[in-house]
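Me: Got a minute to go through this one with me? I'll ask short questions as they come up.

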Amino acid sequence: MKGARRTKNIILGIIGILIAAYVLFPFYLVVMNSFKAQTSIVESPVSLAGASVAQLWENLTKVASNSNFNFWYAFGTSALITVISLVLLAVFGGMAAWVISRNNKKKWATAIYMVFIASMIIPFQVVMLPLISTFRDVGKFVGISMLQSIPGIVFAYCGFGGAMTVFILTGFIKGIPYELEEAASIDGCSPEGTFFRIIFPLLKPVITTVTILNGMWIWNDYLLPSLMLGQNGKVKTLPVAVQAFVGSYVKQWDLILTAALLAILPMIIIFMFAQKQIMSGMVEGAVK
Amino acid sequence: MNKKVITLVLAGAMAAGLSTTAMADLRLVNGKIEVDAALKSLAAAYEEETGVHVEIESMGGGINIQDTLKGYYQADNMPDIFVNGGDADFANWEGLLADMSGEAWVQDTAAAYVDANGAVIGFPYTTEAIGLAYNADILEKAGIDPAELTGPEALKAAFETLDAQKEELGLTAVIGYCAEATNLYWSTGAHLFGAYLDSGLDRDDTTYSDLLADGGQIDVDRFTHYAEMVDLFNQYSDPALLVSGTYDQQVLGFAGGKYAFVTQGSWIGATMTSDDADAYAEAGNFTVGMAPYAFEDGIDTILTNSPSWWSVFQNDNTEEALAFLQWCAEDGGQKFLVEDAGFISPFASCAYVANDPFAQTISDYTAAGKTSSWHWLLNKSGLDQNVLGSIYNAFAQGAMDVQGFVDTVQQSLAQYYAE
Amino acid sequence: MKSVAQGNKPLSIILFLGGIALIVAALVLDCMGSSYEYRGAMLVCGIIGFFLGLYLIPTKKHHRKIVYFIFLFPLLFTFLVTVIFPLVLGIGYSFTDWTGIKFSKFVGFENYISMFKDPAFIWSVLLTFIFVVLNMILVNLIAFLLALLCTSTVRGIGFFRTAYFLPNLIGGIVLGYIWQFVFSNVLISITKTSWLSQTNMALFAIVIVYIWQYAGYIMLIYITGLTQIPGDVLEASSIDGANAIQTLFRIKLPMIASTITICTFLTLTSAFKQFDVNMALTGGTGFVQNFMGSIVTTGTQMLALNIYNTAIRQNNYALGQAKAVLFFIILACVSLIQVRVSNKKEVEM
């Protein structure tokens with residue numbers, strides 16, 4: 001009986017490793033070919049022949065200095081947009097969710113909540129075209145550039161991420177006992193003070209979840225920035241820059257794969273440190 | 001509370017900072033990514049001379065430049081000078097482009113783009129040629145006289161001769177023809193199809209282009225002959241290249257002497273002498289030439305034209321933009337455009353000779369009066385990407401024979417033009 | 001904090017009125033068509049002043065309401081401007097000849113009628129359905145098997161989970177180009193011509209890439225479902241002499257029915273919206289000889305990409321918008337069905 005179990009485990013282990021090899025193979029290709037020059041990538045894409053650290057350095061320098069790609073600028077733009085959007089979504093989302101859950105007996109709050117939830121089924125495609133024209137017209141009208149600008153795209157991410165954020169946060173805040181707030185209120189704490197001093201710190205775990213979900217989406221998003229910022233505009237996020245660079249017919253795989261490596265590296269590094277939170281956060285987001 | 005104030009102030013500051021971007025410099029959207037470096041040195045020289053900074057924004061062939069520009073327009077982010085490829089492109093900007101009729105350079109060229117109202121709205125910056133490019137050294141070794149390649153029989157015989165001697169000549173395949181559809185649709189769907197539309201015609205003859213515009217019709221006889229030529233290419237091309245190859249692979253193969261012919265235009269000369277210089281040198285820096293796409297007897301012309309033009313978008317910078325283009329047409333600018341970018345100058349007064357492998361063959365054809373213009377720019381927008389690219393690819397994969405190819409093209413053109 | 005909350009009358013009035021004045025001034029400038037470059041900053045400062053003033057109004061009675069308003073405003077405002085307003089506009093535009101910039105007349109259902117006359121569109125709808133069904137089945141099946149593997153007694157479960165989940169971190173565009181490299185530079189030595197150049201195989205290639213990206217994520221959800229099955233239930237079944245297969249079909253699958261529902265709809269909606277990978281891998285090219293009596297030359301173009309191409313590439317915004325509205329209706333129906341199904345399941349249990 002024990003022997004059979006061991007055999008079973010060994011077989012399962014081998015299957016698991018084979019699948020892992022398949023899943024990780026593209027990562028291997030990206031990493032390994034980043035160490036190679038264009039000619040050896042094209043000639044032998046799978047083997048290690050021609051790989052050297054010096055070549056990786058050369059590829060990195062070429063990627064960083066390619067003015068049509070402008071890698072670090074795009075990287076910085078993406079990071080800035082993602083971070084600002086996440087902070088604003090967490091703060092504004094927390095505020096809105098608190099108001100909604102503390103008024104959940106009132107009709108207006110229920111109505112707002114229902115609209116938020118219902119909006120989660122709206123696909124981006126149906127709003128993207130009017131969104132661009134609205135942003136352009138509003139931007140021209142009030143003199144604040146909404147397209148081609150970081151504030152504009154952050155604004156859009158707050159709008160698109162709002163529904164899911166409020167949904168998850170409201171569910172959590174409802175579970176916080178109201179007595180906590182009443183006690184603070186009796187001590188003379190203002191409502192906003194109560195929120196920022198007592199409720200907001202309690203939201204930490206659920207804000208982590210929300211931030212992970214929004215962060216993965218915003219960092220990797222292509223369609224919204226490509227429409228708002230242009231496929232090859234002055235302000236580019238990383239996915240847009242990769243598309244603009246790679247989409248041109250000059251297929252410089254040495255640069256493309258090195259750029260791909262740089263583009264996925266931050267995600268992998270963050271993942272290493274917050275593996276548990278990311279995996280459980282993604283599941284929670286889906287199950288709710 | 002403090003947090004919120006800070007956030008709001010930050011948001012306000014960001015918005016305020018944005019509304020005050022300075023727009024003193026010129027910005028040029030270039031459609032030829034391969035000359036990006038040359039244009040940047042041109043811009044640097046101009047800045048040194050006049051103090052006006054010109055930002056060069058280059059876009060590759062895989063990006064639909066007009067779509068991007070439309071996006072820019074929607075986003076209120078138009079460049080001052082940008083590239084337009086033909087009537088359909090220019091039509092996108094009706095009423096938005098500066099009329100350059102008054103500029104001095106207009107008198108110096110026959111290649112400016114003039115709209116229906118007589119306004120000059122396109123600055124020509126180069127001359128390009130589309131023909132069947134060949135490696136003259138290899139043809140000579142095989143005993144083939146390129147001057148005789150003026151009919152389907154001669155073409156077929158030459159292909160057979162070369163194929164028989166592939167090994168001695170070091171050839172991988174007779175011809176580097178690539179019909180990949182996702183990235184290279186423009187090569188087949190626009191350029192090679194353009195050979196059907198214009199080969200052998202007078203420069204102002206638009207017979208087949210007009211026929212196409214009239215509900216997507218083709219001249220079945222002529223197109224069948226043309227299809228036979230494409231079929232010949234299918235048979236003698238490098239199988240590794242034919243269906244799913246890349247542009248780089250195709251040009252590198254030709255530059256390295258692996259293909260005797262290649263179905264790309266004169267612009268590959270620039271790539272051969274820069275990116276592919278090593279391979280080209282190894283293959284002996286051979287002489288190149290161009291034969292007509294002679295799918296019918298008597299076709300003896302190659303296609304030449306200004307491939308696209310630079311237009312000036314009317315805005316506050318129009319004066320500066322016009323001054324820059326005038327400078328480009330003069331000695332100082334032509335030096336960079338011809339010597340660095342390898343453009344074959346459309347200006348009569350230009351004293352520079354392009355260091356381009358194809359410069360000689362183009363000037364020979366021009367001198368002999370054996371050039372046709374090209375009119376594939378008149379094709380319905382998206383024809384190459386959405387329709388023809390996939391069909392040429394299917395033909396290359398053997399999904400249909402010559403007759404099938406003709407029928408398919410005929411049917412889908414009619415469909416596409418009916419939409 | 002306390003003193004601020006109690007308010008400061010003069011400051012509050014100055015900020016409040018000053019804010020309104022700035023907003024009005026900025027809007028007047030806007031309406032006059034002024035291009036004064038600080039008018040945007042004026043508007044933003046005005047709004048900030050307005051809210052600060054509002055916040056500082058010295059009223060105990062209404063303070064809570066004011067705070068609620070201020071707290072709700074930012075998210076609700078961005079939400080209305082980016083989602084609700086464009087949605088309403090978009091539905092309206094789909095009945096006009098909108099060019100992306102302006103429209104001149106209402107055309108009724110003309111856009112909707114013309115899209116159903118276009119074989120290429122019908123093809124892309126069918127293709128999307130095939131893709132969705134294939135994915136729904138394959139992703140769930142594979143993810144479930146992976147989940148079983150990762151909840152078994154095998155060693156190295158932690159590594160397997162991480163490895164299988166890893167592709168989910170990468171965005172569709174970058175991932176698409178990595179796989180373009182795999183198909184056209186690596187696998188080509190086996191396949192001779194790249195799968196991406198063969199219409200049937202290209203769809204298959206997109207499915208493979210999609211499973212590669214998505215199965216690890218769905219697997220995690222199944223793992224959560226499986227580990228929530230109470231241990232004593234499994235123990236009881238093993239005491240009763242049930243073998244592994246019986247346990248799987250009689251105990252595990254019924255116990256995670258709600259998880260299966262969630263995963264099914266998750267894969268369904270996300271496969272439906274597939275855009276990035278489709279664009280990066282094939283750009284929608286492909287050849288179909290005969291479909292409804294005509295030739296389709298956009299053989300691998302799925303619905304989301306078709307909408308994008310119609311509007312952006314072919315510059316037909318009204319038609320693209322109408323297709324997008326149809327897309328929305330289909331997805332809304334799917335979501336309604338999901339709500340129905342999940343409620344039913346819960347009642348049964």
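Me: How far apart are the centres of domain 1 and domain 2 of chain C?
Reply: They are 46 Å apart, taken over C-alpha atoms. Keep in mind that this is a predicted model.

Me: Where do those two domains run in chain C?
Reply: Domain 1 of chain C covers 2-86. Domain 2 of chain C covers 114-348.

Me: And chain A, which domains does the assignment give there?
Reply: Domain 1 of chain A is 2-65, and domain 2 of chain A is 71-248. Their C-alpha centres lie 37 Å apart.

Me: Staying with chain A: how many helices and strands?
Reply: Chain A has 14 helices and zero strands. Read along the sequence, the pattern is α-α-α-α-α-α-α-α-α-α-α-α-α-α.

Me: What is the radius of gyration of chain A, against a compact globule of 288 residues?
Reply: Chain A has 24 Å. A compact globule of 288 residues would be near 19 Å. Along its principal axes, the C-alpha trace of chain A spans about 75 × 75 × 35 Å.

Me: What percentage of chain A is buried?
Reply: Buried residues are 53% of the 288 in chain A.

Me: What about contacts in chain A, how many join residues at least 24 apart?
Reply: The share is 70%, counted among contacts between residues at least 6 apart in sequence.

Me: Switching to interfaces. How many residues does each of chain A and chain C put into their contact?
Reply: Chain A puts in 73 residues and chain C puts in 79.

Me: Which element of chain A gives the most there?
Reply: Helix 1 of chain A, residues 2-33. That helix gives twelve residues to the side that touches chain C.

Me: What is that side made of, by class?
Reply: The side of chain A that touches chain C has 55 nonpolar and 17 polar residues, plus one charged.

Me: Now chain C against chain B. How many residues are in contact?
Reply: 29 residues of chain C are in contact with 30 residues of chain B.

Me: Which elements of chain C give two or more residues to that side?
Reply: Helix 3 (39-56), strand 2 (294-296) and helix 15 (303-313) of chain C. Helix 3 of chain C has the largest share, five residues.

Me: And the classes on that side of chain C?
Reply: Facing chain B, chain C has eleven nonpolar, 16 polar and two charged residues.

Definitions and conventions: Residues are numbered from 1 along each chain as its sequence is written. Chains are lettered from A and ligands numbered from 1 in the order in which they are written. This is a predicted model: local features need pLDDT of at least 70, side-chain atom pairs count only at pLDDT 80 or more; totals for chains, interfaces and linings use all residues. Two residues are in contact if their C-beta atoms, placed from the backbone, lie within 7 Å. Helices (H or I, at least four residues) and strands (E, at least two) are DSSP runs, numbered from the N terminus. Ala, Val, Leu, Ile, Met, Phe, Trp, Tyr, Cys and Pro count as nonpolar, Asp, Glu, Lys and Arg as charged, and the others, Gly among them, as polar. Domain bounds come from an automatic or database domain assignment. The radius of gyration is taken over C-alpha atoms; the globule rule is 2.2 Å times the number of residues to the power 0.38. A residue is buried if 20 or more other C-beta atoms lie within 10 Å of its own, exposed if 12 or fewer, and partly exposed in between; C-beta atoms are placed from the backbone.
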